Amino acid sequence: MQHWARRLEQEIDGVMRIFGGVQQLREIYKDNRNLFEVQENEPQKLVEKVAGDIESLLDRKVQALKRLADAAENFQKAHRWQDNIKEEDILYYDAKADAELDDPESEDVERGSKVSTLRLDFVEDSNFKNKVNYSYTAVQIPTDIYKGSTVILNELNWTEALENVFIENRRQDPTLLWQVFGSATGVTRYYPATPWRAPKKIDLYDVRRRPWYIQGASSPKDMVIIVDVSGSVSGLTLKLMKTSVCEMLDTLSDDDYVNVASFNEKAQPVSCFTHLVQANVRNKKVFKEAVQGMVAKGTTGYKAGFEYAFDQLQNSNITRANCNKMIMMFTDGGEDRVQDVFEKYNWPNRTVRVFTFSVGQHNYDVTPLQWMACANKGYYFEIPSIGAIRINTQEYLDVLGRPMVLAGKEAKQVQWTNVYEDALGLGLVVTGTLPVFNLTQDGPGEKKNQLILGVMGIDVALNDIKRLTPNYTLGANGYVFAIDLNGYVLLHPNLKSQTTNFREPVTLDFLDAELEDENKEEIRRSMIDGNKGHKQIRTLVKSLDERYVDEVVRNYTWVPIRSTNYSLGLVLPPYSTFYLQANLSDQILQVKYFEFLLPSSFESEGHVFIAPREYCKDLNASDNNTEFLKNFIELMEKVTPDSKQCNNFLLHNLILDTGITQQLVERAWRDQDLNTYSLLAVFAATDGGITRVFPNKAAEDWTENPEPFNASFYRRSLDNHGYVFKPPHQDALLRPLELENDTVGILVSTAVELSLGGHTLRPAVVGVKLDLEAWAEKFKVLASNRTHQDQPQKCGPNSHCEMDCEVNNEDLLCVLIDDGGFLVLSNQNHQWDQVGRFFSEVDANLMLALYNNSFYTRKESYDYQAACAPQPPGNLGAAPRGVFVPTIADFLNLAWWTSAAAWSLFQQLLYGLIYHSWFQADPAEAEGSPEARESSCVMKQTQYYFGSVNASYNAIIDCGNCSRLFHAQRLTNTNLLFVVAEKPLCSQCEAGRLLQKETHCPADGPEQCELVQRPRYRRGPHICFDYNATEDTSDCGRGASFPPSLGVLVSLQLLLLLGLPPRPQPQVHAHASRRV
């Protein structure tokens, strides 16, 4: 076998030496040494410069934010409240007006709204990816808030003055994107005006539930939610509680910590989490699923619930926010005030706020619940129905905002958010936020108002930050990244745009964006701590197509971005320390090389693909490379490579590489007969963005990315020494390869390494495309005992000659497998159409043996950015789950018709008819509804790479009477493993099958219950406002529960029977003190 291996190695090396053109390309670069300079990437200088540029960019947004916040506070202070204000008195652009006018069932159409809505003209703006109007602001009001209420009309009145400040900000900084004021009343006023991107059905967008608003409106929170699940909690009330808890969880961000417990006589956590955990997307999902399993039984025991909650908040042995501490209790009512518990745990300092929620329709005395909240600096809320859930589970933020308002200027600090998806279509953004305070006083000498008016925000698109990073000088495998205090990436080449639920923040940890190891943990910790550093590490990287893993050397350099919570890092392979910069001052030479980009030259010089880069501002982009090249040529006929509107570095390097690769055609390719060695094509790709494929006709079947930096073969060749084989990609679910017209090929590529002036760099990759079928035949001959002249001789089991892969293919399986475990070549004709498949799908028994004998190592990781189709909900019975169903006796009892139970049932039926998604498994289309579209999920990825065994190796696959002997050997200077094995005689060994295909993780990846026991290092915001001695806690919630009248109930019943459900009248639930 070693003889066969040597023959294979020699054949591959010979073909690559003749046709690959590595040596010829080295000589060409040396011959053209006067046309380029070798430049150095100095990591420390680079990261410091980029960090400074990002700091300057964000600082301009900070100044605009401060102007807006100051102006808003002054405008509101000067505003005179109007009790008699009318809708027709207010003129503004309603961002949802056009959609509502088109909808005959719109609430405003039904009400005959008198609001004077402006009709605007819009122009397309590529910066906003939207049609905008720069002369006006737009207003968005949540669907469940009545636009004509006095509170909203006054809010619209005073915020109108912000329009001029928005416009002036843009005049001073034309790069500003969305400027937004999110009001605590729910009104959003943003600039420039653009129509709202309304969903097809119900628009549930509320600015107060957006990540940037939550982060700007309060300091971090430690929250324990306790839910009464005693037997008195009826079916509907329990359903309301479950929904309320889920909505409450949505008001928390990654800076917050939370736990949820249920209680009756005793308290217990609803999930596997036994302590406070970070309120990230995955942990909140665990809570939401666990809450649905709560069952009502037993008696109410407030003491058990509160003692559990206080114990949770006093646990100092865990990571937590260490700022605002609060308990949120959901109950249907009770008599016990548990004063002894508060005296023991919370008095006299009252460091824990208590918020109580009376849920459902009932006749219980709510005084104890009000007292609990008022005695512990909290607030009492009522949630009698579904319509009250969203508003009353977020109003607690007003209470938490009090210490911020009272702190005044000290609390006026700009915070930068995590990455999230912009609701208006900008893509991934971060937002600078600044709270806006109410500066009014109720009268002379009165206490200062302690209400937060809202949050001012200015968006920065990640693409704008990316433009400040080095462009193409870092090579294909170098990149810049940035992380925040949570370790989440702000910039990273593996960060994907959110295509699912835009309400969820994009929280990709640095250790999940890359393959985690101890070195990266240290780097991440140092960056979070705001340190500078540099470290060279050996690590694993995943290929661009996510099929391979390579062990590589990388240099990490990092610095903090001042005035922000971000830290910037630079990753460079050693071979990217230096790069080429073309110096084409000779315009005659420019024209000569440029002519080799013209399609008229392709027949003789090979087809040229150019990377779709931003060479010039006026260059029209296109996904079709032929069209893009045409656009490029047309533009170059109008401008020169030295034009100010063009990127001279990119253009000069592109033209230089065009000329260099053309010289390669002359010296190495044009006079060779590719058919002699069964080659479909030869090619070269360069850092400058050129991919030249020869001959021209081979371009018809070229499927690699025209951007070399985004081509898997290019990036892997740079990271691996020798020849890298890349079989055609095949999915196990797809039909086998079509071996017709000799178009199926195997790429073999290698990097061209130059040594110039003592500097080593790899500016290009060259290779060949093997004809699969012809090389499969050649493989059999090379792995046989004959020369090309000999005739094959068959060796039987009893003969003295050796068996080989050609003649004895009925008895021997001979294959070449690449370093990812994918089949490259086989001596079995019926396996030729399986080339490119993971070998376990071809011969599971043999692949498992190779893995068990350390030829391969497995690497498992998780893709936290995947999108999955919604799962159909279970329990599709006739009645909604958890709904109270009255008996016949109930219907005949007049007293029952006036009871709270009847009122609850009718409300549920009413809302159920209008808002299906609350109770039925109907595919709702409402924004924010998880059933509406694909949701984020976790996919488990598995890659294989060569293990520690380098030598030739023999082993027996022991299957009792069906044992198989196999021999495996790595081929030198390639990424191939040569395996010869006996064919299986029976199927008793088919027990194990290695999986490589990406699989969905139903439990959202690695077990969350285990992960929270090993939390990753993070730091919270450095500011905390949770206490102020002057806080007035007298406003702590008041309310009463009134049973509805019989007339109302009968009217509702008649409407239901007639099938004419009325649209619920949304109301603004605003504190009385918000009227100023």
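This report walks through one helix, some unusual backbone spots and the nonpolar cores of a predicted model.

**Helix α7**

Let's start with α7, which runs over residues 162-172 and has L162, E163, V165, F166 and N169 as its buried residues. These buried positions span an arc of only 165° around the axis, so they sit on the same side of α7. That fits a simple bit of helix geometry: with 3.6 residues a turn, residues three or four places apart point the same way in an α-helix. Flip to the other side of α7 and you find N164 and R171, both exposed.

What covers the buried residues of α7? The cover includes two helices, α3 (43-78) and α6 (150-159), along with the strands β7 (179-183), β8 (188-191) and β19 (452-461).

**Backbone oddities**

If you're checking torsions, keep in mind that most residues other than glycine have a negative phi, and most peptide bonds are trans. Here are four spots that go the other way.

| Site | Backbone value | Location |
|---|---|---|
| Y191 and P192 | cis, omega about -5° | P192: loop between β8 and α8 (211-217) |
| W347 and P348 | cis, omega about 5° | P348: loop between α12 (339-345) and β14 (352-359) |
| K129 | phi near 55° | loop between β4 (123-125) and β5 (130-132) |
| K377 | phi about 60° | loop between α13 (367-374) and β15 (379-383) |

The β8 strand that helps cover α7 turns up again here, as the loop holding P192 lies between β8 and α8.

Are the two lysines buried or exposed? K129 has a relative accessibility of 47%, so it counts as partly exposed. K377 has a relative accessible area of 12%, and because the cut-off for buried is under 20%, K377 is buried.

**Nonpolar cores**

Now for the packing. The largest nonpolar core holds 91 residues, and L850, F966 and F978 have the most contacts inside it. At least three of its residues come from each of two domains: domain 1 (19-41 + 579-731 + 741-770) and domain 5 (812-869 + 934-1008).

Which residues does F966 touch, leaving out those up to four places away in sequence? On one stretch of numbering there are L846, A849, L850, N853 and F855, and further along come Y953, N954, A955, I957, V980 and A981. So L850, itself among the residues with the most contacts in this core, is also one of the partners of F966.

A second core stands separate, with 43 residues, among them W416, V489, M527 and I528.

Key
Residues are numbered from 1 along each chain as its sequence is written. This is a predicted model: local features need pLDDT of at least 70, side-chain atom pairs count only at pLDDT 80 or more; totals for chains, interfaces and linings use all residues. Side-chain values use heavy atoms; hydrogens and water are left out. Buried means under 20% relative accessible area, exposed over 50%, partly exposed in between (1.4 Å probe, protein chains only). Helices (H or I, at least four residues) and strands (E, at least two) are DSSP runs, numbered from the N terminus. The arc is that of the directions from the helix axis to the C-beta atoms. Contact means heavy atoms within 4.5 Å. A nonpolar core is a set of buried Ala, Val, Leu, Ile, Met, Phe, Trp, Tyr and Cys residues joined through side-chain atoms within 4.5 Å. Domain bounds come from an automatic or database domain assignment.
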